[in-house]
Amino acid sequence: MLSAASPSAEATTSAEPLPDAGTTTSRGTVLRRRFGPWGVPLIMLVMVAVFQSQNSAFLTVANIWTILEGAALPAMVACALTVILVMGEFDLSVQAVAGFSTTTFAALMASWNLTTVSAIAIMLGLGLLIGALTGWLVAYQGLNALVVTIGAASLLNGGEFWVSDSRSISVGIDPAFVSFVRSDVAGVPVLVLLAPVVALVLWALLDRSSLGRELRAIGANREAARFAGVNVRRTILIGFVITALVCTVAGMLYTGRAGQAYPLTGLQVLLPSFAACFIGAAMFRVGEFNIPGTMVGAVLASIVPNGLLLADVSGYSTYFFQGGILILAVGFARLVAGRDTSHA
Amino acid sequence: MTAPRLAVREVTKTYGGATALRDASIEVGRGEIVALVGHNGAGKSTISKIVSGYTRPDSGTLTLDGRVVELRSPQHALGEGVGLVPQQLAVVASMTVRQNLVLGLRSAPRDVGDVARRLGLEHRLDVRVADLGPAAQRLVMIGRTLLRRPRLLILDEPTAAFSAPETARLFEIVRGLAEEEISVVYISHRLEEVLQIADRVIGMSQGRVIADRTTAATSMAQLEDIIAGGADARSPEAEGDVDDFTAADAVDVTDREVLRVEGLRTAAKPGAATFHVRSGEVVGLTGLVGAGRSSLLNAIWGVGAPVLAGTVRVGEDVLVPATPRRAIRRGVVLIPEGRHRTSLVPGMTSRENAALPTSRRRRIPGTPFIDRRRERRDVHQLLTELDTVPAQAVDMPVDALSGGNAQKVVLARWLLMPSRVVLLDEPCEGVDVRARNEIHTVLRRLADQGKGVLVSSSDVEELVESADRILVMRAGEIVAELSGPAMTVERVNRACL
């Protein structure tokens, strides 16, 4: 969406033979291709070393599980966001969808006395509806995705207060669900097992299915996708539905993890999930958003607050680090890709 | 004796391997109106781009009023007094005429009123440009250039959307400029206008200047000869009237029509096109730039300007153009013009690019997943048949391929799709000679499989070599059909005018 300027500039000069994009690669490009993908792991290594030097408790088994468990739900949301970014759109409502899901799921069980299964079913239905609505506005009505999702986010934030009656919900949440989310399987937290499963599903969808191929084509060259017979509008709508569904699932799991719900205190993932996606774009399939990269990015994004906490740095510095990392990630992705393929 | 306003001496310009200008020399006197004529690709645009600073020549010199200049940019050229009014309308529709006129100028010049009066826009200065017709919008563009006080004004196809009175008005303006010693280079395909307005005519063909004569000593027929003959100097035996349509030669063409288009009119062009394509034939489609070839093909395919009237039949089935998917389902595929914009997906490999429209057909049954082994095999086989080098091109990112190879990927994409009719829009644009020959071979092979092939190209020679029959388009209408012995480069070129 934001990188639409370059192909149209090319089109205006089509009267003369375009110089062939031959196989010439400059030395700079070769260096970028060879060493670029190692940038993020290197930064990660340096960060781990710094945090470990500040507090030796950083690299302990217990703390690693803590980091990974903390990264699990943001990683799911980040993977969902990756789907949107891959098709060249934006979604600023991921955090709001997850938050709405956290509160509403709790309210359905506590205030409406629904069984856990039916509450899950209703939430999935709501997630589908939210995604379909934003997707429809963006794809079929041609509204700007940024504005639509900011608007949707505000509506959903308000919805949280409405469904919970502005009260904290702590009684009435299915204890079985809570203990399931908090449980371990062979010493590994359930969430740490679930996040890779979600990532694997979304990776298979984006990388191995025909729908994913179409999503990527839409993101990289929408005009070409249209000329190739892709149903661009329907595919964008489906992309938004998938993202909203995954965010809804992450939100419900957060209800279990927290064991309570209060409006606007759910997952704080908007900035970290964007950071994760852009860090990921500098890895694996360099210059493109991809699920494995996003997963690494999500872990990296949750190492930072943990490490800062253990290093006894004052709480507000997290803001500096998170914002700084997001901008650095965007810049780095662009540097590695060597072109404006990072959609930034 | 005073030096001429503009002297271009032995300028050569190549793009990649293609030579756009070859030792071209032209001169324009003070206050002289010089028309530049020639067929598509003759070098008119290239020379005007060089003179107005949009591109730099490989060799040769440019002299303005006796002073040698090296123009670095359009801004620099404007500073030196050369202004180009390009063919494409470039105005800000949401701004008023006045705002458009002074756009990009640091301070509003005092002579906005004078320029507006000269153009007849003085009462419409505060009208939004969106509310003006295309002719008035063109005048706004001219006015914007005039405010920079040029000594030399280049008008590229200024009358494309003009009615007769509007053209007469423009001519008055141009003559007024000439009286003030402002020189004008007038590029047009409309020969009657050229004869009316120009003092001198310079004919170009294949990057060379082939004629330079005063208009007074030039007749319409001579002008046509300059344009047509120039492109086909090697076949002097080709004489005769293009209006004698000859029936198509019986070259293994069945009578079965696979595509019949009747009275198809789009919002882009005034005319309506009627034609058919039979199973087993390669039909060429040509016309001057702006004749509506791309609009026609895109309309059938369901993209671009909306269809206002007409019917399309594919075999026995009616096709109501709406979306590419619908056309594909009816068995029509289009290899569109401008592959970087309309076909190639950057970041994807050749395999992924080629398989894009057919990826749903290659799913592992019962799953949403693509059978990648089958996909690689299919694409690899096709690229090998198309003689794509290197062999590992199938897994290379498509951005790394040369123009010819990239075009083969696009071709492979649509050969993988079952079809009855194959439409191609400038398939040989920016590809080397070898790839071009291979593409022609593919077209013939497709026809031999019983498909109908319609290939649009502005390269008439290419069509004469490769097509069974050539349709000529003008303003959205098919105005001539040539085949058999009547199908010569010269006759086709004449029919285009």
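**Close-up 1. B:Glu352, a buried residue in helix 12 of chain B**. In this predicted model, B:Glu352 has a relative accessibility of just 9%, so it counts as buried, the cut-off being under 20%. Its home is helix 12 of chain B, which covers residues 350-355. Setting aside neighbours within four places in sequence, B:Glu352 is in contact with A:Arg213 and A:Arg216.

**Close-up 2. The salt bridge between B:Glu352 and A:Arg216**. Here the two side chains meet, with 3.0 Å from N to O. That pairing also shows up as a polar contact of 3.0 Å between the side chains. Zoom out a bit, and the count between chain A and chain B comes to five salt bridges. As for polar contacts across this interface, 11 residue pairs turn up, with both partners at pLDDT 80 or more.

**Close-up 3. The side of chain A that touches chain B**. Helix 1 (5-12), helix 9 (190-208), helix 10 (210-220) and helix 11 (222-227) of chain A each give two or more residues to this side. Helix 10 gives the most, chipping in seven residues. Sort the residues on this side by type and you get 14 nonpolar, 12 charged and eight polar.

**Close-up 4. The whole contact between chain A and chain B**. Chain A brings 34 residues to the contact, and chain B brings 45. Between them the chains bury about 3400 Å², with 53% of that on carbon and sulfur atoms. On the chain A side, look for A:Arg208, A:Arg213 and A:Phe227: they supply 23% of the area that chain A buries against chain B, more than any other three residues.

Note on methods. Residues numbered from 1 in each chain as written. Chains lettered and ligands numbered in written order. Predicted model: local features only at pLDDT ≥ 70, side-chain atom pairs only at ≥ 80, totals over all residues. Heavy atoms only, no water. Contact = heavy atoms within 4.5 Å. Buried area = accessible area lost by both parts, 1.4 Å probe. Salt bridge = Lys/Arg side-chain N within 4 Å of Asp/Glu carboxyl O. Polar contact = N/O pair within 3.5 Å; in protein donor to acceptor, adjacent residues only side chain to side chain. Helix = DSSP H or I, 4+ residues; strand = E, 2+ residues; numbered from the N terminus. Nonpolar A, V, L, I, M, F, W, Y, C, P; charged D, E, K, R; others polar. Buried < 20%, exposed > 50% of the residue type's maximum accessible area, 1.4 Å probe, protein only.
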